[in-house]
Amino acid sequence: MPMRKPKPVAMAEKKPTVAGEKLQKILANAGQGSRREIETIITAGRVSVDGKIATLGDRVTVHSGLKIRIDGNLINLTAVQKEVCRVLMYYKPEGELCTRSDPDGRATVFDRLPRLSGSRWISVGRLDINTSGLLLFTTDGELANRLMHPSQEVEREYSVRVFGEVDDAMIARLRKGVQLEDGLASFKNIKSMGGTGLNQWFDVTLMEGRNREVRRLWESQGIQVSRLIRIRYGNIKLMKSLPRGGWEEMDLVNVNYLRELVGLPPETETKLDVTQTKRRANTGKIRKAVKRYSDINKRYKKS
């Protein structure tokens, strides 16, 4: 029998390789803000690469001669490449703003953080001015971006005190999902923690961090939130020994837990002195600072 001719093998089409990394990713890794913040800066024409105004979508390859500027200020990329990924746990008090500066002089969450050289602290998400509790800061823009992104579904747990009559049907609706102005929202878990009268405490868990989401979910049921504290982000819990307004730098194990959680390679270095016993926060100094900022806020409200 005649031999069949072998079918021609289709050559796999080679996809063109894209050189370099996205500009917003490089600047985020350089500690210049989250990707979303940097995308806004690039769109506004405030970033230049080797003297040319950058546009959103530009890719660059980092090398010793590369010059990236924001508002004309040169970004030190060489120093950033050696920067160790650091993460702080901060106990945000009520009355502080999650912004770098306030034109009215009100206290911000960045006021008492340790000073850095060659990079800066990036807030992992926000808490509104009337919410207290756990807030994470990192020097790694990519880590911050991934921890905040809804696709990662990182759990956030809150302790919330509500005022009003809460029944089983209401809790079932909050678990199933409620239509808010920006889409469907729900609590993954709701756990009653007791209380007196119409003031009840609940621990609730979210898988995202939309603006005032916890408050809006309860308000959709006619329930008023009188106290809100974030107590957990992923598996990182707010330390009970940490006073309001205090911070604690996380060790390498916890830093790498967060990195693994969002698919980033582990960090190999830490700025903590592992030979020393764990430092204790100067609670007296921190509480005086909190009182000082509280007094500033009171004066602001009266003016």
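This briefing covers the pockets and cavities, one small sheet and helix 7 of the structure above. The model is predicted. Its largest pocket has a volume of about 980 Å³, and a search of the whole structure also finds two cavities of 30 Å³ or more. An open sheet is formed by four strands, and helix 7 spans residues 252-261.

**Largest pocket**

- The lining of the largest pocket consists of 41 residues, of which V124, G125, R126, L127 and M148 are the closest to the pocket centre.
- Three helices and three strands are named here as giving two or more residues each to this lining: helix 2 (35-43), helix 4 (141-148) and helix 6 (213-219), together with strand 8 (122-124), strand 10 (156-163) and strand 15 (224-233).
- Sorted by class, the residues lining the largest pocket are 16 nonpolar, 15 charged and 10 polar.

**Second largest cavity**

- The volume of the second largest cavity is about 40 Å³.
- Its lining is made up of V84, C85 and R86, then E249, M250, D251, L252 and V255, and finally E269, T270 and K271.
- Five of these lining residues are nonpolar, five are charged and one is polar.

**Four-stranded sheet**

- The strand order in the open sheet is 3-2-5-6, with antiparallel pairing.
- Strand 3 (52-53) and strand 6 (73-74) are the edge strands, each pairing on one side only.
- Strand 2 (residues 47-49) runs antiparallel to strand 3, and two bridges join them.
- V49 is placed opposite K52 of strand 3.
- In general, the strands of a sheet pair through backbone hydrogen bonds, in either a parallel or an antiparallel manner.

**Helix 7**

- V255, N256, L258 and R259 are the buried residues of helix 7.
- These buried residues lie on the same side of helix 7 because they cover an arc of only 155° around the axis.
- V253 and E260, on the other side of helix 7, are exposed.
- The cover over the buried residues of helix 7 includes strand 7 (87-92), strand 9 (132-138), strand 16 (236-237) and helix 4.
- Helix 4 also gives two or more residues to the lining of the largest pocket.
- V255 is one of the buried residues of helix 7, and V255 also lines the second largest cavity.
- G263, just after helix 7, takes a positive phi of about 80°.

Conventions
Residues numbered from 1 in each chain as written. Predicted model: local features only at pLDDT ≥ 70, side-chain atom pairs only at ≥ 80, totals over all residues. Heavy atoms only, no water. 1 Å grid on protein atoms, 1.4 Å probe; cavity = no way out; pocket = protein on both sides within 12 Å on 5 of 7 lines; lining within 4 Å. Points joined across faces, edges and corners; volume = space filled by probe spheres on them. Nonpolar A, V, L, I, M, F, W, Y, C, P; charged D, E, K, R; others polar. Pairing = 2+ DSSP bridges. Buried < 20%, exposed > 50% of the residue type's maximum accessible area, 1.4 Å probe, protein only. Arc of directions from axis to C-beta. Contact = heavy atoms within 4.5 Å.
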